[in-house]
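Here's a quick walk through a two-chain model, strand by strand and then span by span. Have the viewer open while you read.

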Amino acid sequence: MPDRTNPFLILQSIGKTFASGVTALDRVNLTVNEGDFMSLLGPSGCGKSTALRIIAGLSSPTSGVVDWRGPPLQQNDIGFVFQEPTLLPWASVYDNVWLPLRLRGVSRKDAEPQIAEVLERVHLTGFENAVPRELSGGMKMRVSIARGLVTRPRILLMDEPFAALDEITRFKLNNDLLELWQERRFTVLFVTHSVFESVFLSNRITVMAAHPGRVFEELTIDAPYPRDAAFRTSPHYAELCRNTSDTLSRAMGMEAADAVH
Amino acid sequence: MPSIETVPPVIDAEEARRERSRKLERTGRWLLPLLIMAAALYFWDRVCVWNEIPQYILPRPGVVLNTLIEDAGLLFASLLVTLRITMLSLALAVVGGVGLSVLFTQSRWIEMSLFPFAIVLQVTPIVAIFPLINIYVDDQTTKLLLCAWIVAFFPILSNTTLGLNSVDRNLIDYFKLNGASRWQTLWHLRLPAAMPYFLGGLKIAGGLALIGAVVAEFVAGTAGQSSGLASRIIEAGYRLNAPRLFAALILISLTGIIIFLALSWISHLVLHRWHESALKQEQ
């Protein structure tokens, strides 16, 4: 297991104010360690997705610094999974997973071993030639995750990837994601508004408050991995969920108190 | 030989009814228009006979068919001339329309500056522009081409521009995230995403190119300079040769239908696997 003590990504006092005057993020400080599975948990409007976009380099912060530690960051090092599967609808599963490699100039044939391996890892072997519309919602998300992992990123940024899925599919993908994470030892930054999901997956949770978006509290989820169905029904899990839920309520209560001013 | 037993699925009355009406609809789709067409032809024929309408005013359908066969050499030669202009102008409309729309998506400024001109070109009746073209352009083919092109290119331009701009924002972000160049984003994302829109425009443009070609020939033909189907119609009109006029007219309609069907077929081939418009709905 990675020791998860080396800082990998440090957000220093990140602020983001849109041209409309809305402050999405206010002095956000955050440290993600190498190998962490960190969730950003918070109500809508707390700027979790904005933070993720800033980290990915899709948006620039108004103030503050995004500091990457360790060897210089390559383009391959960041994988991104959106809330929607965001696949090319005209391309096959194989070609969709090939896309990030293709954009880096890897030929369809040369990419084959990597694509085959990652498709096997997300249980999609045999579906190479299917187009997205022929797949279920869960399978599309698996393709999206495979596409995110095929470049072997050091960090996977996930923006509420399972929010649109039914609970059964969601549990299954949670398990599979954890398995992949333990095996490949990448870092995950996972945006969610589900307390249960964040507790099940993460070793650390950053609870955020809204208006303006800011870090409210950091929680450590000390349950050991691997976590499985037994963990989901354990009293310890229930206890952790209760604590996290309380913290979230306080984060949202603070927002309500702010609104009174 | 081993017998393979096929057990018909047990279906309820509602499903059976639905299946029956589906079958009926399938047959009706092609049978009904044919029946209506046959009835209309019969009625046309009877009107001519009952009212003793002279052939130079309204020929009987049989006479028109005879003329179509007898004058086939002349008519099909003219059809080829018209078809050549139609296809060439359609090809140019594709090149011009797609080329311009790609240019538009590269820069909002170019789009803002040029799009109004495309609209002006589109809304001005081609018949009104043609005399100008006639003055400035010498070559007969170029004249007709330009005319048909002006009519045909706008739907391709406006549809493709819409398509190129209707790409999923997240996918654009994804390409950005992966360091895709402008060219890569265009080639791997924007152009395929615009395909359904482009093909929709192409279907309209195909019909318009034919109309443009015929209209151009009409305007040019009044000066006796054209040999396409339109000039055959004008000629037949002068000579009160109604059967040939009808024959030429039918030929133009048929050509339009064939162009439409061909373009629909191409569209189906390209889109059937992935695009909503080409999918069959499961009940």
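Two strands count as paired here if DSSP finds at least two bridges between them. Strand β1 of chain A (residues 7–17) clears that bar with β2(A), since the two are joined in the antiparallel sense by 7 bridges. Bear in mind that this is a predicted model.

**The three-stranded sheet of chain A**

Look at the register of that pair: A:L9 has A:V32 in β2(A) as its bridge partner. The pair belongs to an open sheet of 3 strands, ordered β2-β1-β4 (chain A), and the pairing is antiparallel. Which strands stand at the edges? They are β2 (23–33) and β4 (63–68) of chain A; each has a single partner strand, so one side of each lacks a neighbour in the sheet. On average, neighbouring strands in this sheet are turned by 10° against each other, if you ignore direction.

A helix joins the picture too. Helix α1 of chain A (residues 48–56) packs on the sheet and touches β1, β2 and β4 of chain A. The direction of α1 makes about 120° with that of β1(A).

**Around β8 of chain A**

Next up is β8(A), which has pairings with β3(A) and with β9(A). Parallel or antiparallel: how does strand β3 (residues 37–41) of chain A pair with β8(A)? That one is parallel, over 4 bridges. Strand β9 (residues 214–220) of chain A, on the other hand, runs antiparallel to β8 (residues 204–209), with 6 bridges between them.

Here are some individual bridge partners to click on:

| Residue | Bridge partner | Strand of the partner |
|---|---|---|
| A:L40 | A:T206 | β8(A) |
| A:V207 | A:E217 | β9(A) |
| A:R204 | A:T220 | β9(A) |

β8(A) and β9(A) make a hairpin with 4 residues between them. In the turn, A:H211 has a positive phi of about 50°. How many of the 6 residues of β8(A) are buried? The count is 5, so to speak of the strand as mostly covered is fair, given that a residue is buried if 20 or more other C-beta atoms lie within 10 Å of its own.

**What the record says about chain A**

An unreviewed UniProt entry places the feature "domain: ABC transporter" at residues 9–237 of chain A. Over that stretch the chain is 32% helix and 26% strand, and the end C-alpha atoms are 28 Å apart.

**Chain B and the contact between chains**

The domain assignment splits chain B into domain 1 (12–53) and domain 2 (61–274). Their C-alpha centres lie 32 Å apart.

Chain B also has "transmembrane region" annotations from an unreviewed UniProt entry, among them residues 115–137 and 245–266. The span 115–137 of chain B is 87% helix and 0% strand, with end C-alpha atoms 25 Å apart. For residues 245–266 of chain B, the numbers are 100% helix, 0% strand and 32 Å between the end C-alpha atoms.

Finally, where the chains meet, 14 residues of chain A are in contact with 14 residues of chain B. The chain A side of that contact divides into 10 nonpolar, 2 polar and 2 charged residues.

Notes:
Residues are numbered from 1 along each chain as its sequence is written. Chains are lettered from A and ligands numbered from 1 in the order in which they are written. This is a predicted model: local features need pLDDT of at least 70, side-chain atom pairs count only at pLDDT 80 or more; totals for chains, interfaces and linings use all residues. UniProt positions are given in the numbering used here, feature names are shortened, and annotations may be inferred rather than shown by experiment. Axes are lines fitted to C-alpha atoms, for helices over the stretch in contact, and angles run from 0 to 180 degrees between N-to-C directions. Two residues are in contact if their C-beta atoms, placed from the backbone, lie within 7 Å. Ala, Val, Leu, Ile, Met, Phe, Trp, Tyr, Cys and Pro count as nonpolar, Asp, Glu, Lys and Arg as charged, and the others, Gly among them, as polar. Domain bounds come from an automatic or database domain assignment. A residue is buried if 20 or more other C-beta atoms lie within 10 Å of its own, exposed if 12 or fewer, and partly exposed in between; C-beta atoms are placed from the backbone.
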